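Biologist: Could you take me through one part of this structure up close? I would like to look at a place where two helices pack together, and at the loop that joins them.

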Amino acid sequence: MPDPALMRQRPAITMSARVAAAAAIAAAAAAAACTLLIQRAIAARSQNCVHALISESRALYSTKKYPEALQAASSAREAACAILQERADVFEGAMIHLAGVYAAMRNRVEALAVIDQCLSIVKPLHGDTSLRLVPLLHARAEVLEEEERMQEAIYALEDARQ
């Protein structure tokens with residue numbers, strides 16, 4: 001027959017192990033939550049950075065500081081690439097803005113290249129029939145129209161309608 005003194009000690013050891021396991025689980029959960037909060041804070045800062053750069057680019061462009069506006073728009077695109085998976089809409093906005101700056105500076109080849117690059121990224125993420133493609137396809141049609149490539153512009157608008 002087991003010793004009654006050992007029987008009384010066993011539950012105390014088991015309870016101590018349970019408390020330690022619960023403390024370890026709580027610590028792991030707290031670490032995971034902390035990591036998630038840090039990731040969200042970084043994404044929010046990156047998003048704010050993108051919006052600030054786009055605003056700066058618009059202000060520079062309105063004061064006819066075109067090279068500086070282009071640099072700020074390019075920086076916004078780079079910052080947006082960092083948060084592409086979490087905030088594809090911010091990335092798309094930065095890309096459309098950059099394409100708009102190129103188009104306004106009559107650099108339509110670069111504008112089309114930026115729009116096409118964005119389309120090549122957005123289509124796999126959201127699908128060929130996503131409504132997210134509409135502003136990109138519309139912007140592409142406008143640039144093509146400015147280049148007097150009317151048939152291609154019409155195709156881009158038809159894609160946007162579908």
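Modeller: Happy to help; here is a walk from the whole chain to the pair α3 and α4, and then to the loop between them. This is a predicted model, so local features need pLDDT of at least 70 and side-chain atom pairs count only at pLDDT 80 or more, while totals for chains, interfaces and linings use all residues. Residues are numbered from 1 along each chain as its sequence is written, and side-chain values use heavy atoms, with hydrogens and water left out.

The chain has six helices and zero strands; helices are DSSP runs of H or I with at least four residues, strands are runs of E with at least two, and both are numbered from the N terminus. Of its 162 residues, 31% are buried, where buried means under 20% relative accessible area, exposed means over 50% and partly exposed lies in between, using a 1.4 Å probe and protein chains only.

Now to our pair. α3 and α4 pack at an angle of about 165 degrees, and their axes are 7 Å apart. The axes are lines fitted to C-alpha atoms, for helices over the stretch in contact, and angles between N-to-C directions run from 0 to 180 degrees. That angle makes α3 roughly antiparallel to α4, because angles over 145 degrees count as roughly antiparallel.

Which residues of α3 meet α4? Among them are Phe-91, Met-95, Leu-98 and Tyr-102 in α3, and on the α4 side the list includes Val-114, Ile-115, Cys-118 and Ile-121. Contact here means heavy atoms within 4.5 Å. The residues of this contact divide into 13 nonpolar, two polar and three charged. Here Ala, Val, Leu, Ile, Met, Phe, Trp, Tyr, Cys and Pro count as nonpolar, Asp, Glu, Lys and Arg as charged, and the others, Gly among them, as polar.

Next, the loop. Between α3 (88–104) and α4 (108–126) you will find Arg-106. The phi of Arg-106 is near 65 degrees, a positive value in a residue other than glycine. Most residues other than glycine have a negative phi. Arg-106 is also exposed, at 58% relative accessibility.

Another loop offers a companion example. Lys-64 sits between α1 (4–62) and α2 (66–82), and the phi of Lys-64 is likewise positive, near 65 degrees. Lys-64 is exposed too, with a relative accessible area of 61%.

Technical notes:
Angles under 35 degrees count as roughly parallel, over 145 as roughly antiparallel, 65 to 115 as roughly perpendicular and the rest as oblique.
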